[in-house]
Amino acid sequence: MKTVGLIGGMSWESTAEYYKKINEGIRNGLGGLHSGKILMYSFDFEEIEALQHKQEWDKLTEILTEAGKKLKAGGADFLAICTNTMHKMADEVEKETGLKVLHIADAVAKKIIQKNKTIVGLLGTDFTMTQDFYTGRLKKKHNIDIVIPNEADRKIVHRIIYDELCCGIIKRESKLEFIRIINNLKESEIEGVILGCTEIPLLLEQKDLDIRIFDSMQLHADEIVREMLG
């Protein structure tokens, strides 16, 4: 079994789910008392969030790269960043550490392609929804077209992620807002919707919607398990 180095704590609410899902995947794959070989570097998200909203991406790249190097020194065979937004610096982390970074957008794309979908909606932080590192990768590498909410709805999604979900706050009215926003996206003839923030699955499940969801956290965890078992 390979050892995965998780770069987490962004937020810890979803990183805890990663740990659980990876271990469940290893147990399901190997049986018995098997569990995952996991190293983790967990950030203080308050510090990360402040740098994100100041657009200090170079500093964030430096911080994530240092975390990756520490995980490599600890014996990690590959890395996984436990958040969609911070994949903005995934290529640089991979280059500077010399370790493969298992990209969350590629894991999501793999499932979308398996389901023969080509046009999907995307919910996530405003960074993920509007910057090219995520939507551009899906289009250029996987030929998947992305539809995002209008500006007003993007602000709602972004606020709920940071002010509620990252703090472990789950509100019914926020779930209804997300459902409304997804239903609006359906007018663009999307064939599914990416839950492109690892906290969103804490709020929404497939049973809440009549359109296929692509849970980025679950799909990423599944791909991590496959890489670990090789």
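Is Gln55 buried, partly exposed or exposed, and what is its relative accessible area? I start there, and I should say at once that what we are looking at is a predicted model. Gln55 is partly exposed, with a relative accessible area of 44%, and since buried would require a value under 20% and exposed a value over 50%, 44% falls in between. The residue sits in the loop between helix 2, residues 45–53, and helix 3, and although Gln55 is not a glycine, its phi is positive, at about 60°.

There is a second residue to set beside it, namely Asn116, which is likewise not a glycine and has a positive phi of about 60°. Asn116 is placed in the loop between helix 5, residues 104–114, and strand 4, residues 119–123, and with a relative accessible area of 67% it counts as exposed.

Let me stay with backbone geometry and go towards the start of the chain. Met10 and Ser11 are joined by a cis peptide bond, with omega at about 5°, and Ser11 belongs to the loop between strand 1, residues 4–8, and helix 1. Helix 1 itself covers residues 12–30 and includes Thr15. Thr15 has a relative accessibility of 3%, so it counts as buried. If we leave aside residues up to four places away in sequence, Thr15 touches Gly8, Gly9, Met10, Met40 and Cys82, and you will recognise Met10 from that list as one partner in the cis peptide bond.

Now to helix 4, which runs over residues 90–97 and in which Ala90, Val93 and Thr97 are buried. Why do these residues line one face of the helix? Looking down the axis of helix 4, one finds its buried residues within an arc of 60°, so they lie along one face. Asp91 and Lys95, which are exposed, are carried on the face turned away from that buried side. The buried residues pack against helix 3, residues 57–74, and against strand 3, residues 78–81. After helix 4 comes Gly98, with a positive phi near 75°.

The packing of helix 3 with helix 4 can be described further, since their axes come within 9 Å and cross at roughly 45°. The two helices are therefore oblique to each other, and the crossing in which helix 3 passes helix 4 is right-handed. On the side of helix 3 the contact is made by Thr61, Leu64, Thr65, Gly68, Lys69 and Lys72, and on the side of helix 4 by Glu92, Val93, Glu96 and Thr97. Sorted by type, the residues of this contact are 2 nonpolar, 4 polar and 4 charged.

My last stop is another helix pair, helix 8 with residues 151–163 and helix 9 with residues 172–185, which pack at an angle of about 145° with their axes 11 Å apart. Their crossing is left-handed. Helix 8 contributes Asp153, Ile156, Val157 and Ile160 to the contact, while helix 9 contributes Ser174, Glu177, Phe178, Arg180, Ile181 and Asn184. Here the residues of the contact divide into 5 nonpolar, 2 polar and 3 charged.

Terms used. Residues numbered from 1 in each chain as written. Predicted model: local features only at pLDDT ≥ 70, side-chain atom pairs only at ≥ 80, totals over all residues. Heavy atoms only, no water. Buried < 20%, exposed > 50% of the residue type's maximum accessible area, 1.4 Å probe, protein only. Helix = DSSP H or I, 4+ residues; strand = E, 2+ residues; numbered from the N terminus. Arc of directions from axis to C-beta. Contact = heavy atoms within 4.5 Å. Axes fitted to C-alpha atoms, helices over the stretch in contact; angles between N-to-C directions. Parallel < 35°, antiparallel > 145°, perpendicular 65-115°, else oblique. Left-handed = near helix turned anticlockwise from the far one by under 90°. Nonpolar A, V, L, I, M, F, W, Y, C, P; charged D, E, K, R; others polar.
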